Amino acid sequence: MARKKKTVNTRAKNLVTKDNPKSPIAEQFRTVRTNLQFTSVDTDLETMLVTSANPSEGKSVTTANTAIVFAQQGKKTLLVDADLRKPTIHYTFRVPNTIGLSNYLIGAQKVAEIANPTELNKLDVITCGPIPPNPSELLGSNKMKEFIEEAKKTYDMIIFDTPPVHAVTDSQVLANFVDGVLLVVRSKQTEKESALKAKEQLEQSQANLLGVVLNDQDVKSSNYYYYYGQ
Ligand SMILES: Nc1ncnc2c1ncn2[C@@H]1O[C@H](COP(=O)(O)OP(=O)(O)O)[C@@H](O)[C@H]1O
Ligand SMILES: [Mg+2]
């Protein structure tokens, strides 16, 4: 029982932009949003994916909070769990994962049929769905292109959570279909070489690298954000 409670608490903490929008961390996610918008000033940024070199560097946390701050800005936002290997979005948003992206990619569902509403009225999420045996193949398929085209008709911003670059090709494959890629680096965890290699791999697959998010930076060393506005 105690264990279950802990899981709930941990997940709730992950959505800092929703639960504590005035916190310094939420402010930093708004800075990420602003920077993304500046980066793509000439080309309308409608689709992006978030990835990192290795597991557990904060891809899913970053994806969820970035999607939330876009929704809070009034953009109709769709968060898609395209980590078809270790999906977590259904836990984070506490929605069922009986039907999701994998169903769309092998079936005849409509985007509207697999999208879940969230507590934020501008944010919908699509979970992974049943884990398929061939994620890279599905993510690189024409059906995936179709998914993006269909989703664009309803949403202003579509953000994909993906697996790590070094583990599998999924994020590189999907990078070809989206407007840009956000790379997450975790402070005191991601090795410099590893991050650089991930960047190179993404560039080799013609990804448009929008920027890098430094996750888990010691807040004490950036007091600036504590005193910033709000
Ligand atoms: N900045 C952070 N501060 C504290 N915990 C974090 C932070 N970023 C990620 N975590 C925790 O680290 C774990 C891995 O994060 P996650 O976003 O799931 O990584 P990934 O999707 O890259 O595997 C999760 O338990 C998450 O709550
Ligand atoms: Mg993840």
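Me: Before I look at H4, how is the expected span of a helix worked out?
Reply: Take 1.5 Å times one less than the number of residues in the helix. Helices here are DSSP runs of H or I with at least four residues, strands are E runs of at least two, and both are numbered from the N terminus.

Me: And what does that give for H4?
Reply: H4 covers residues 59-72, so its 14 residues should span 20 Å, and its end C-alpha atoms are 20 Å apart, which agrees. Keep in mind that this is a predicted model, where local features need pLDDT of at least 70. Residues are numbered from 1 along each chain as its sequence is written.

Me: How many H4 residues are buried?
Reply: 11 of the 14, which leaves H4 mostly covered. Buried means under 20% relative accessible area, exposed is over 50%, and partly exposed lies in between, using a 1.4 Å probe on protein chains only. The buried ones include Thr-62, Ile-68, Val-69 and Phe-70.

Me: What happens with phi just after H4?
Reply: Gly-74 has a positive phi there, about 100°.

Me: Switching topic, what's the phi of Arg-94?
Reply: Near 50°, so positive in a residue that isn't glycine. Most residues other than glycine have a negative phi.

Me: Where does Arg-94 sit, then?
Reply: In the loop between helix H5 (89-92) and helix H6 (101-106). Arg-94 is exposed, with a relative accessible area of 54%.

Me: And Gln-206, buried or exposed?
Reply: Exposed, at 63% relative accessibility. Gln-206 lies in the loop between helix H11 (192-204) and strand E7 (209-215), and its phi is positive too, about 65°.

Conventions
Chains are lettered from A and ligands numbered from 1 in the order in which they are written. This is a predicted model: local features need pLDDT of at least 70, side-chain atom pairs count only at pLDDT 80 or more; totals for chains, interfaces and linings use all residues. Side-chain values use heavy atoms; hydrogens and water are left out.
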